[in-house]
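Hi,

Here is the structure I said I would pass on. Have a look at it first, and then read on for what turned up.

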Amino acid sequence: MDDCLFCKIGKKKIPSKLVYEDEEIFAFEDIQPQAPHHILICPRKHLISLTDANDEDAAVLGKLQLVAAKLAVARNLTDGYRTVLNNGRGAGQSVFHLHLHLLGGRDFRWPPG
Ligand code: AMP
Ligand code: ZN
């Protein structure tokens with residue numbers, strides 16, 4: 001997707017604070033952090049949202065969560081952290097390239113807003 005912000009970040013056409021990358025996934029600091037630690041973890045494949053994903057994407061969707069867990073350990077988020085995947089405008093999605101938020105470093109309320 002030539003006009004996708006997160007595809008451009010993944011291809012390093014737009015700068016970001018990259019914190020992790022491999023062949024399938026890249027992760028970078030959120031530009032408007034909602035917690036002391038706020039990282040976005042994306043598949044390189046352009047999926048719009050979970051609704052756009054298929055069975056063939058199962059492994060990479062699982063890997064997003066595992067990368068989040070590893071980053072949380074690396075950042076010593078021992079007291080807890082949250083992973084969030086907003087699907088669709090009504091759920092707060094604003095960038096339409098699937099991404100998992102990793103948030104940590106503060107207390108979180110339930111239910112989320
Ligand atoms: P969502 O609202 O779930 O689609 O999340 C999109 C996130 O992308 C928001 O938390 C934004 O702050 C973040 N964001 C938007 N543009 C950039 C950018 N250029 N670099 C890093 N994060 C961004
Ligand atoms: Zn994209």
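First, how are the donor residues of the zinc ion (ligand 2) spaced in sequence? The pattern is C-x2-C-x38-H-x50-H. Bear in mind throughout that this is a predicted model.

Filling in that pattern, the ligands are Cys-4 and Cys-7, each through SG, plus His-46 and His-97, each through ND1. Their distances to the zinc ion (ligand 2) run from 2.0 to 2.3 Å. The geometry is tetrahedral, because the angles subtended by the 4 donor atoms come out at 105 to 116°, and four donors count as tetrahedral if all angles lie between 85 and 135 degrees. Cys-7 sits in helix H1 (residues 5–10), while His-46 is in the loop between strand S3 (37–43) and helix H2 (58–74), so this pair ties together parts of the chain 39 residues apart in sequence. Cys-7 is also buried, because its relative accessible area is 8% and the cut-off for buried is under 20%.

Helix H1 comes up again in the aromatics. What did a search of the whole structure find in the way of aromatic pairs? There are 2. One is Phe-6 with Phe-28, an edge-to-face pair with 5.2 Å from centre to centre and 80° between the planes. This contact also links distant parts of the chain, with Phe-6 in helix H1 and Phe-28 in strand S2, 22 residues apart. Phe-26 and Phe-28 make a pair too: their ring centres are 6.0 Å apart and their planes are at 15°, so this one is stacked. Put the three residues together and you have one aromatic cluster of Phe-6, Phe-26 and Phe-28.

Are those rings buried or exposed? Phe-6 and Phe-28 are both buried. Phe-26 counts as buried as well, because its relative accessibility is 1%, and for Phe-28 the value is 3%.

Now for the pocket. The largest one has a volume of about 920 Å³. It is lined by 38 residues, and the closest to its centre are Asp-30, Gln-32, Gln-34, His-38 and His-101. Which elements give two or more residues to that lining? They are H1, strand S2 (25–29), S3, strand S4 (81–84) and strand S5 (100–104). By class, the lining breaks down into 19 nonpolar, 13 polar and 6 charged residues.

A few backbone details are worth a look while you have the model open. Most residues other than glycine have a negative phi, and most peptide bonds are trans. With that in mind, Trp-110 and Pro-111 are joined by a cis peptide bond, with omega at about 0°. You will find Pro-111 in the segment after S5.

Where are the positive phi values in residues other than glycine? Lys-12 has one, near 65°, and this residue lies in the loop between H1 and strand S1 (18–21). Asn-76 has another, near 60°, and its place is in the loop between H2 and S4. Lys-12 counts as exposed because its relative accessibility is 53%, and Asn-76 is exposed with a relative accessible area of 56%; the cut-off for exposed is over 50%.

That's the lot from me. Shout if anything is unclear.

Cheers

Note on methods
Residues are numbered from 1 along each chain as its sequence is written. Chains are lettered from A and ligands numbered from 1 in the order in which they are written. This is a predicted model: local features need pLDDT of at least 70, side-chain atom pairs count only at pLDDT 80 or more; totals for chains, interfaces and linings use all residues. Side-chain values use heavy atoms; hydrogens and water are left out. Donors are N, O and S atoms within 2.8 Å of the metal (3.2 Å for Na, K and Ca); water is not among the atoms, so sites may look incomplete. Four donors count as tetrahedral if all angles lie between 85 and 135 degrees; four count as square planar and six as octahedral if opposite donors are over 155 degrees apart and all others between 65 and 115; anything else is irregular. Helices (H or I, at least four residues) and strands (E, at least two) are DSSP runs, numbered from the N terminus. Buried means under 20% relative accessible area, exposed over 50%, partly exposed in between (1.4 Å probe, protein chains only). On a 1 Å grid over the protein atoms alone, a cavity is a set of points where a 1.4 Å probe fits but cannot get out, and a pocket is an open set with protein on both sides within 12 Å along at least five of seven lines; lining residues have an atom within 4 Å of a point. Grid points are joined across faces, edges and corners, and a volume is the space filled by probe spheres set on the points. Ala, Val, Leu, Ile, Met, Phe, Trp, Tyr, Cys and Pro count as nonpolar, Asp, Glu, Lys and Arg as charged, and the others, Gly among them, as polar. Rings of Phe, Tyr and Trp (its six-membered ring) pair if their centres lie within 6.5 Å; planes under 30 degrees apart count as stacked, over 60 as edge-to-face and the rest as tilted.
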